[in-house]
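Reader: I'm new to looking at protein structures. Could you walk me through how to read one?

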Amino acid sequence: MRPKIYLFGDSITEGSFTDGGWGDPLANHFSRTADVVLRGYSGYNTRWALMVKEKVLPPAESGGAPLAVTVFFGANDASLPDRYSAFQHVPLDEYKQNLVAIVAFLKKQWASTRIILITPPPIDEAARILAREYRHPYVPNPSGLPERTNEVAGRYAKECVAAAAECGVAVIDIWEKMQKLPNWEKTYLSDGLHLTPNGNKVVFEEVIAQLKDQKISPDNLPPDLPLFSQIDPNDPVKSFQNL
């Protein structure tokens with residue numbers, strides 16, 4: 001069986017296999033060498049993720065350890081406690097401890113698995129108001145104010161980075177990275193929160209780089225079956241006799 005890479009996160013992970021997402025090219029990148037398994041849950045925060053982790057990730061005794069797991073939560077935790085998405089809010093200190101607990105769970109399950117935390121993305125507050133008014137009226141917004149701010153998202157990003165340092169695992173700070181280029185609000189964000197194809201490309205490239213740094217790449221993984229170029233045209237069956 002091929003080894004696996006799990007993607008565990010919220011809607012930005014759930015939608016990563018859509019056209020222009022970041023999980024789809026990741027699966028293509030590892031085709032023939034590893035299976036990329038999607039475990040994305042729209043709207044979820046770290047509190048809810050911690051509650052369901054045993055249900056969505058396989059038990060340790062079910063087979064070989066995954067090569068890697070990405071943990072991409074925080075965008076919903078950072079919802080403001082006095083705005084219309086308050087039910088998704090998780091206090092900052094709890095957010096960090098939840099990440100630490102998720103990492104501890106993964107390490108206990110699979111000591112060899114590489115873990116990559118990903119920070120929440122930056123927020124375009126003006127676009128969030130428009131998104132809720134015209135595209136996603138899930139919850140009434142009588143205040144007319146955004147349910148997230150970039151400044152608060154940055155605090156959660158810093159705690160994600162701190163959690164990774166405390167746990168000794170890798171981290172991708174997309175909150176900081178995406179804001180280094182001009183017009184990041186429109187270049188990387190589709191609705192002030194979720195990612196455009198350009199934004200997903202940033203995540204994909206960063207994940208690939210982190211995995212490569214940890215010796216996880218198609219160059220280091222054997223194909224699951226003989227490549228077509230390895231099959232002897234004069235005796236094709238020979239290539240399958242010692243699998």
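**Starting with a helix**

Author: Let's begin with what packs over a helix. This is a predicted model, and in it the cover over the buried residues of α4 includes β1 (4-9), α3 (46-56), β3, β4 (114-118) and α6 (150-167).

Reader: Okay, and which residues of α4 are the buried ones?

Author: Here's the general idea to keep in mind: an α-helix has 3.6 residues a turn, so residues three or four places apart point the same way. In α4, the buried residues are Tyr95, Lys96, Asn98, Leu99, Val100, Ile102, Val103, Phe105 and Leu106. Try stepping along that list with the turn in mind.

Reader: How far does α4 reach from its first C-alpha to its last?

Author: α4 has 18 residues and reaches 26 Å, close to the 26 Å expected at 1.5 Å a residue.

Reader: And what about α6, how far apart are its end C-alpha atoms?

Author: They are 26 Å apart, which agrees with the span that its 18 residues should have at 1.5 Å a residue. The buried residues of α6 include Ala153, Tyr156, Ala157, Cys160, Ala164 and Cys167. Right after α6 comes Gly168, with a positive phi near 70°.

Reader: Let's try single residues. Is Thr70 buried or exposed?

Author: Check the relative accessible area: under 20% means buried. Thr70 has just 1%, so it's buried. Thr70 sits in strand β3 (residues 68-72). Leaving aside neighbours within four places in sequence, Thr70 is in contact with Tyr6, Leu7, Phe8, Trp22, Ile116, Ile118 and Val207.

Reader: What about Phe87, buried or exposed?

Author: Now use the other cut-off: exposed means over 50%. Phe87 has 52% relative accessibility, so Phe87 counts as exposed. You'll find Phe87 in the loop between β3 and α4 (92-109). Phe87 and Asp77 are ten residues apart in sequence, and their C-alpha atoms are 9.3 Å apart in space.

Reader: Next up, charges. How do I read a salt bridge?

Author: Side chains of opposite charge can pair when their charged atoms come close. The rule used here asks for a side-chain nitrogen of Lys or Arg within 4 Å of a carboxyl oxygen of Asp or Glu.

Reader: How many salt bridges does that rule give?

Author: The count comes to 16. One of them joins the side chains of Lys186 and Asp124, at 3.2 Å from N to O. That pair links distant parts of the chain, with Lys186 in helix α8 (residues 184-188), Asp124 in the loop between β4 and α5 (125-134), and their positions 62 residues apart. Lys186 is exposed, at 55% relative accessible area, whereas Asp124 is buried, at 10%.

Reader: Which residue does Arg128 meet in a salt bridge?

Author: The partner is Glu147, at 2.7 Å from N to O. This pair also links distant parts of the chain: Arg128 is in helix α5, Glu147 is in the loop between α5 and α6, and they are 19 residues apart. Arg128 counts as buried at 2% relative accessibility, and Glu147 counts as buried at 0%.

Reader: What about Glu176, which residue does it pair with?

Author: Glu176 forms a salt bridge with Lys180, and their closest N and O atoms are 4.0 Å apart. Glu176 is partly exposed at 42%, while Lys180 is exposed at 60%. Salt bridges can share partners too: that's how Arg2, Arg32, Asp35 and Asp224 are joined into one network.

How values were computed: Residues numbered from 1 in each chain as written. Predicted model: local features only at pLDDT ≥ 70, side-chain atom pairs only at ≥ 80, totals over all residues. Heavy atoms only, no water. Helix = DSSP H or I, 4+ residues; strand = E, 2+ residues; numbered from the N terminus. Buried < 20%, exposed > 50% of the residue type's maximum accessible area, 1.4 Å probe, protein only. Contact = heavy atoms within 4.5 Å. Expected span 1.5 Å × (residues − 1).
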